[in-house]
Structures are given as C-alpha cells and as structure tokens.
Amino acid sequence: MEQRDRSQRRRYFYMTMLREPYRRYLSEFLHVQRGATWRNSRHWCGGRFALSSEIRPCFNGDTWDGVTFDEFLTCPNNLAANRQTRMLADLQLVGCYNTTIMEKTQHDEIMLNSAKENLRNMAFFGIIEELDDTQTLFERTFGLRFDSRLNGSHEARGENFVLEDKQRAAYELKNALDTELYKFAKELFDERVRTVGRLFQQTITSPEENSVPDY
C-alpha cells in the first residue's frame, strides 16, 4: 500500500506492528485497571464520528480503575475485543460502528477479510514477539540500518496472571478475529522474512539499487 505526493515527489508507506492477541488484550486490561481511558479517542468513520448509541461506555465516572477481568471481558461495548482487526479493517465496509445493519457472522467475516487484505498490502509490518526478524525485515525492505539490535525486554506486568477455564473460553470467543488475524499475519510475516533473505543473498552476488520488495 503506497501513496505518492506528486507535488513533493515523496513516497509514503503504511506499516504497523502486531502483538500476540492474549498478551495485547491483557496489557490493555491492566492499563485500564490502573486508570487509563480512551475518552478522547476520535472514532471517525464514513465522514462522521460514531454516535453515543453506537459505542456505549462500559463504566460511569472518569475512569474504570480497579475493574476486574470479568467486568472488562463481559462489557459488550468494550473495543478492546478484536482491536487489532478493527484497527486494520476498512470499517465502512461494515457500516462503521453501527453493528445493526448486518448479521454478526457477516460483519465479522467482512471485517476480518478487510484487515487481512490491508495487512497484505502494507509495505512492512512487524511482530512484537519476533523483534529480531522484524528488525531484519525492516532493514532489508527499506535499505536502512538501526544503530543497534532491538531489545524486547520490558517490565513483565501480568506475566503471572492466570485465567480460569471459563475466563479463557470467554476470552477466546470474544477475540476470535484477532486470533485468526494473528495466525494469518505470522504466516505472511514468515513468508516475507524468507523472501527478503533470498533477495539479500542475491544482492551479495549481483548488487543492485535498493528497492522495496514486491510481495
């Protein structure tokens, strides 16, 4: 996916990073539990902001601090569910945030396929759990070099958080789209890593001008 600004002769490339869905969901839960909110988020789609009737708040008051995992999980309007799929999809295809215009099965299928297609068309995307290959892929895609290797170390919040079987089943049901998207992304990512690896070996024997690989 690429855009050109003809007046400035610039090239723009879309890119993103994906994270293992459960870790991402748990991270957002813990962030909200500590008092974070998205009250000022602009849910702009189809030329307008989402209506209050389309995205109802999960809590009263200024924050949702102290929320339990069960409360976070069972709120029907919690946008944490399948967030990566929603952020990558063209929501106009499913009526933006109006979930009443089509059946849920059709809605989810369209949104997931849109997210997959947009991810496939991106010049680059990375996987948080594969930082070393992500860095290599970025460098070889754009012909750039980091000063040092990316460090995946971080404060391990939630590493000891354990779900009960009932909670795990509910989580998996709520986030089935992100799970499927991540599986697709991993396969596409591994394919791109192999592709740039082959191209890199070829340039060693016959150097050419750097260009973005055509996936």
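Is E54 buried or exposed? E54 is buried, with a relative accessible area of 17%. I start there because the cut-off for buried is under 20% relative accessible area, and E54, at 17%, falls on the buried side. A word of caution before going on: this is a predicted model.

E54 has a charged partner. The residue forms a salt bridge with R48, and the closest N and O atoms are 2.8 Å apart. R48 is on the other side of the cut-off, being partly exposed at 32% relative accessible area. As a general point, side chains of opposite charge can pair when their charged atoms come close.

Now the overall layout. The protein chain has 7 helices and 6 strands. Read from the N terminus, the order of elements is β-β-β-α-β-β-α-α-α-β-α-α-α. Of the 215 residues in the chain, 36% are buried. The accessible surface comes to about 14,100 Å², and carbon and sulfur atoms hold 47% of that. As for contacts with a separation of 6 or more, 70% of them join residues 24 or more positions apart.

Back to charges. The count of salt bridges is 10. One of them joins R120 and E117, with an N to O distance of 2.5 Å. These two residues sit 3 apart in helix α4, so about one helical turn separates them. R120 is partly exposed at 37% relative accessibility, and E117 is also partly exposed, at 36%.

Another salt bridge pairs E139 with R145, where the closest N and O atoms are 3.7 Å apart. Here the two ends fall into opposite classes: E139 is buried at 7% relative accessibility, whereas R145 is exposed at 67%. The pair does not stand alone, as D132, E139, R145 and R149 are linked in a network of salt bridges.

Helix α5 covers residues 131–142, and D133 lies in it. D133 is partly exposed, with a relative accessible area of 30%. Leaving aside residues up to four places away in sequence, D133 touches F189 and V193. On the C-alpha atoms, D133 and R192 are 10.0 Å apart in space, with their positions 59 residues apart in sequence.

Next, the loops. Which residues does C75 touch, not counting those up to four places away in sequence? They are C58, W64 and K174. C75 is placed in the loop between α2, residues 69–74, and α3, residues 83–88. C75 is buried, at 9% relative accessible area. Its C-alpha atom is 9.0 Å from that of F59, which is 16 residues away along the chain.

N82 is found in that loop between α2 and α3 as well. N82 is not a glycine, yet its phi is positive, near 55 degrees. At 11% relative accessibility, N82 counts as buried. C96, in the loop between α3 and α4, also has a positive phi, about 60 degrees, without being a glycine. C96 is buried too, at 12% relative accessibility.

Last, the surface. Which residues form the negative surface patch? The patch is made of D70, E71, E164 and D165. D165 lies in helix α6, which spans residues 165–174. With 72% relative accessibility, D165 counts as exposed.

To end where I began: E54 is buried, and its salt-bridge partner is R48.

Technical notes: Residues numbered from 1 in each chain as written. Predicted model: local features only at pLDDT ≥ 70, side-chain atom pairs only at ≥ 80, totals over all residues. Heavy atoms only, no water. Patch = residues over 30% accessible without salt bridge, like charges linked within 9 Å, V, L, I, M, F, W, Y side chains within 5 Å. Areas by Shrake-Rupley, 256 points an atom, 1.4 Å probe, with all protein chains shown as cover. Salt bridge = Lys/Arg side-chain N within 4 Å of Asp/Glu carboxyl O. Lys, Arg positive; Asp, Glu negative; His and termini not counted. Charge placed at Lys NZ, Arg CZ, Asp CG, Glu CD. Helix = DSSP H or I, 4+ residues; strand = E, 2+ residues; numbered from the N terminus. Buried < 20%, exposed > 50% of the residue type's maximum accessible area, 1.4 Å probe, protein only. Contact = heavy atoms within 4.5 Å.
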